[in-house]
Amino acid sequence: MAELIAQGPQAYHRWRREIPEPAMVTDIVIGRAGVDWNVPWDPMISRSHVRLVPQPDQKVEVFVVPAARNPVFHQGRHAVRFVLVPGEHFVIGNTTFTLAAGRPANSRVGQDQFEVTENVFDHVALRRKHFRNVGARIDVLTRLPDLIASSESDQELLVRVTSVLLQSTPAAESVAILQANSSDGDSDLPESSDSIEVLHYDNRSATLGNSPISRRLVERAIKARESILNVWEGSDAPGSAVFTAREDVDWAFCVPLRSEACRGWVIYVTGQIHSDSPSESSTPEAVSEQLQDDVKFAEIVGTTVASLRQSHLLQRRQAAMGRFFAPIVMKSIAAGDSSQALRPREADLAVMFCDLRGFSQRSEQSADQLLKLLSDVSDALGVMTKHILGFDGVIGDFHGDAAMGFWGWPLAQSDAALKAAEAAIKIRDEFRNSDHGFRCGIGMALGPAVAGQIGTKDQVKVTAFGPVVNLASRLESMTKRFGAEIIVDEPMREALRSGTSGTLGTDSQAMPVLLRRLAKVRPAGMNTPVQISELVSAGGVSESPVDEALIGQYEAALERFESGELDNALRQLRTLPTWDGPTQFLIQQIVDGTHQET
C-alpha cells in the first residue's frame with residue numbers, strides 16, 4: 001500500500017500514513033483539525049482542505065475542498081484536482097505531502113530465515129555507560145522531556161518519538177513504534193502473540209515503505225524486558241559479513257517500553273552497514289559495539305515515553321475516580337492506603353439533606369417532556385453537589401430529587417458545622433437567584449455516625465449512617481411544615497454560635513449568623529424530642545428578610561407558647577408579618593390546640 005508523508009517546518013512536524021486500498025475507503029480528508037488526517041502545526045491549512053481518493057497502482061487522486069482558504073501546489077503550479085503517483089508531492093502552506101510506494105502488507109512482519117548475531121543489553125548496566133559522543137546527544141536529551149510532554153495526543157507523541165530517533169540515530173534507515181497483541185489480551189506473553197501492530201513508523205526515504213520486522217526479535221525483547229540487537233549475516237558466504245541478507249536491513253534493535261501504560265510496546269530501529277568490502281569494522285561484533293550508543297539513546301527515549309504515558313494514565317484514572325469521590329476523599333486516598341482511607345469508622349459528622357421543592361408539581365406539568373425535566377433536575381442537583389464539594393464535603397447519596405452530604409470524614413474537620421452551614425446558604429441563595437424553577441429545603445444535624453465504604457460484597461458506596469443521618473433527613477422534611485428553608489438541630493446551632501464568632505464566610509465577605517429557635521419537636525420515628533432552629537444569613541439574598549427584631553419577637557412568643565400562655569403568645573404572633581412561615585406554623589398550632597412538643 002502507498003503511504004503519504006506530511007512534513008512541516010520543524011522535524012517533529014511530520015507523520016506518515018498508509019493509503020487504504022480503493023475497496024476499503026472512498027476518500028480521506030486532510031485538514032488542520034477534526035478530519036480524517038489532521039495537520040495541526042500549519043495555520044495555512046484549513047480545517048478541511050483536501051480530499052484524497054485512493055486509485056489502483058498506488059496512485060491517489062487529490063481534490064481541493066471548495067472552502068479551503070489557501071492554494072495547493074502540485075508540480076510547481078496551483079492545482080485544484082490532480083493525480084499523485086509515488087515519488088510526487090504537493091504543498092499547502094509550509095507543509096509538503098509526499099506519496100511513497102509501499103511494500104505488500106504481508107512482507108512487513110516475518111520470522112528470521114538467516115543467521116543472526118544477537119546482543120542482549122542489560123538496561124541498568126546500559127544506563128551506567130557514558131555516551132562516547134556526548135556532544136551529539138546532549139542537545140536532543142535536554143529538549144526531549146518538553147518535546148514529548150507537549151504532545152497533545154498519542155499520535156503526535158508517536159510522530160515526535162520516531163522523528164527524534166531517526167534524526168539522532170545516523171545509521172538508522174527506519175524507526176517504528178510497535179505493539180505486540182495476544183489473543184487473551186495479555187501483552188506480557190509474547191510467545192502467544194497473534195499480531196504485531198505498527199503504531200507509527202518513519203524512514204529516511206520518501207519513496208520506500210517500512211522495513212520488514214522480525215517477529216522473533218520483538219517477542220524476545222518483550223519477554224526478556226531488555227533491549228536486543230540483531231545483526232544478520234549473509235547466507236551465501238559463510239564467515240563473511242555480507243549485510244544484505246534481509247533486503248534493505250542489515251541490523252535491527254528492539255527496545256521494550258517497561259510500563260503498564262505501554263504494555264507490549266517496543267521501539268524498533270533498523271539500518272544498513274554501508275561498506276564496499278568486508279572489514280573488521282563491519283563484523284557483527286564491531287557493528288554491535290558501534291550501535292551501543294544508539295541503543296542507549298533509544299532506552300532513554302523509551303523510558304521517557306513510558307513514564308509520560310504512565311503519568312497520563314494515572315491522571316486519567318484520578319480524573320475518573322474524581323467523578324465518584326469528593327476532592328477531600330481523593331486527597332485522603334492519595335495520602336495513604338486507599339483501603340484504609342475508605343474503611344468505615346465512627347466520626348463526628350455534620351450531615352445535610354437537601355431536597356427540591358416543586359418537583360412533584362413540575363412532574364405533572366412536564367409529563368410529556370420527561371427528558372427536559374430530567375435535565376432540569378440534574379442541573380438542580382448539580383447546584384447542591386457543587387457547593388457541598390466546594391466546601392470540602394462528601395456526597396453520601398442521591399435520593400430521587402434530594403442529595404445527602406456530610407463533613408468530618410475521611411479527614412476530621414473541626415469546622416465541619418461551619419462548612420456545612422456555608423454550603424447550605426450558598427445552595428439556598430443560588431436557587432433563589434436562578435431560573436431552575438425549584439426552591440429547596442435543607443435539614444442539618446451534628447453528631448456521631450459511621451462513615452466510609454459501606455455496602456455488600458456485590459455493591460458498595462461511600463456514605464454515612466446513624467441517628468444523626470436520620471435526624472437530618474427528618475429536619476429536611478420539616479422545612480415544608482415550618483416554611484423555613486434551612487433547619488438545624490441543637491448541636492449544630494451551638495457549634496455555629498460558638499465556633500464562628502457570630503459570622504460565616506471569609507473576612508472580606510463575612511455574613512452575620514442569625515439563628516432562630518423554632519420549636520421543640522419529636523421527629524417521626526423518634527422517641528426523644530429535639531430543639532430545632534432556623535439558620536438565617538442576613539448576607540444572603542432573601543425574598544422574606546428575617547432580621548434580629550423579628551427573631552426576638554418570635555422567640556418571645558415561642559417562650560409564652562411553651563410556658564402555656566397561649567393567648568399572650570397568639571396576640572404577639574399576630575403582630576408579626578404574615579409572610580413569615582414559622583410564625584404562621586406556630587399560630588396554627590395554637591389554634592388547633594397543640595401544646596408543648598409539636
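**Helix pair and open sheet in a predicted model**

H14 and H16 are roughly parallel to each other, a term that covers angles under 35 degrees. This is a predicted model in which local features need pLDDT of at least 70 and side-chain atom pairs count only at pLDDT 80 or more, while totals for chains, interfaces and linings use all residues. Residues are numbered from 1 along each chain as its sequence is written, and side-chain values use heavy atoms, with hydrogens and water left out.

Biologist: At roughly what angle do the axes of H14 and H16 cross?
Modeller: Helices here are DSSP runs of H or I with at least four residues, and strands are runs of E with at least two, numbered from the N terminus. Axes are lines fitted to C-alpha atoms, for helices over the stretch in contact, with angles from 0 to 180 degrees between N-to-C directions. For helix H14 (residues 548-563) and helix H16 (residues 581-591), the axes come within 11 Å and cross at roughly 20°.

Biologist: Which residues in H16 are met by Tyr-554, Leu-558 and Phe-561 in H14?
Modeller: Contact means heavy atoms within 4.5 Å. On that basis, the three H14 residues meet Pro-582, Thr-583, Leu-586, Gln-589 and Ile-590.

Biologist: Which strands are the edge strands of the open sheet?
Modeller: Two strands pair if DSSP finds at least two bridges between them. Six strands form the sheet in the order E2-E1-E11-E10-E7-E8, with antiparallel pairing. Pairing on one side only marks strand E2 (14-18) and strand E8 (77-79).

Biologist: Which residue in E11 stands opposite Val-91?
Modeller: Strand E10 (residues 89-92) and strand E11 (residues 95-100) run antiparallel and are joined by four bridges. Opposite Val-91 stands Thr-96.

Technical notes
Parallel < 35°, antiparallel > 145°, perpendicular 65-115°, else oblique.
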